[in-house]
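Visitor: Please pick one part of this structure and go through it closely, starting from a single residue. Then follow the connections outward from there.

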Amino acid sequence: RATMLSNLIKKHVLRREKSVIADQLPGKEDMIVLCSLAAKQREVYERVLGHADFQLLSRSCEPCWCQASLSTGKAKMRKECHYQYVCQKDLEIFDLNLDDDEEEVQWSRCLFPAISQLLKISNHLDLIRVAPNDAGAKLQKVRRFAEVALGTSDPVKLQQSDNMLSQASDADCGKMQVLKKLMALWYDRQDRVLIFSYSVRMLNILEKLMLKEGHQYSRLDGETRAGH
């Protein structure tokens, strides 16, 4: 009977569209909360933006130093002239992951690595520090960026802290300062809260914040076993 039933239903797709159950769903209200960078984060952020690798992007629309012009008489922008292509050997903190047959790539190849690093700085400074499980080429890449961003070569300051209270501190993290206040508000209202992050490292940091503040929580990530 199970085989007969399977053969019958596999020809069909059962689907319940959202419009059918729209009246059963709770209302949704989006509220965007803007978070300022903490003083230390801003210092690191501005130091990184001032680095030559990032200047390659932020100054891409400025006239090129050679003063070359287009056929229209308009000055060529840096991204159209001498800075149109970049080589890995000319970059200090960007890792372009070039293929063996690639010697140079367009300047726009740096956009994603730049945005990714700035996002880490905005979320938490420990995300750009060297993690205990970093090794090999990744270790060298992370350390190189951390030295430039943090303005130090001190191995202790370049390492992620293994102290729970240190990672749970919101002193150098603008987003955690705001989240801490919101969590207190939601706790008083007995709300249930879902915190989502693309970064497992950020989840680790947030977990320490929850422990420090005494909030009950359940965690779900790629390492959570079925049945938990």
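**A salt bridge and its surroundings**

Guide: Glu213 is partly exposed, with a relative accessible area of 32%; partly exposed lies between buried, under 20%, and exposed, over 50%, using a 1.4 Å probe and protein chains only. The model is predicted, so local features need pLDDT of at least 70 and side-chain atom pairs count only at pLDDT 80 or more, while totals for chains, interfaces and linings use all residues. Residues are numbered from 1 along each chain as its sequence is written, and side-chain values use heavy atoms, with hydrogens and water left out.

Glu213 forms a salt bridge with Lys180, with 3.8 Å between the closest N and O atoms; the term requires a side-chain nitrogen of Lys or Arg within 4 Å of a carboxyl oxygen of Asp or Glu. This pair links distant parts of the chain, 33 residues apart, with Glu213 in helix α10 and Lys180 in helix α9. Helices are DSSP runs of H or I with at least four residues, strands are runs of E with at least two, and both are numbered from the N terminus. Lys180 is also partly exposed, at 30% relative accessibility.

The two helices joined by this bridge have a further role as cover. Helices α9 (174–188) and α10 (200–213) are among the elements that cover the buried residues of α5, as are α3 (39–49), α4 (52–58) and α6 (136–150); contact here means heavy atoms within 4.5 Å. Helix α5 runs over residues 111–123, 13 in number, and reaches 18 Å from its first C-alpha to its last, close to the 18 Å expected at 1.5 Å a residue. That expected span is 1.5 Å times one less than the number of residues. The buried residues of α5 are Pro113, Ala114, Gln117, Leu118, Ile121, Ser122 and Asn123.

Between α9 and α10 runs a loop that contains Gln190. Phi of Gln190 is near 60°, a positive value in a residue other than glycine. Gln190 counts as exposed, at 72% relative accessibility.

Leu211 belongs to a nonpolar surface patch with Met164, Leu165 and Tyr217, and together they have about 360 Å² of accessible area. Patch members have over 30% relative accessible area and no salt bridge; like charges are joined within 9 Å, and nonpolar side chains (Val, Leu, Ile, Met, Phe, Trp, Tyr) within 5 Å. Accessible areas come from the Shrake-Rupley method with a 1.4 Å probe, and for residues only the protein chains shown count as cover. Within this patch, Leu165 is found in helix α8 (residues 164–168), and its relative accessible area of 54% makes Leu165 exposed.

The Glu213 bridge can be set beside others, as the count comes to 11 salt bridges. Among them, Arg219 pairs with Asp221, the closest N and O atoms being 2.8 Å apart, and Arg219 is partly exposed at 26%. Asp134 and Lys138 meet in a bridge at 3.6 Å, N to O. Asp134 is buried, with a relative accessible area of 7%, whereas Lys138 is partly exposed at 46%. Lys40, Glu43 and Arg47 are linked in a network of salt bridges.
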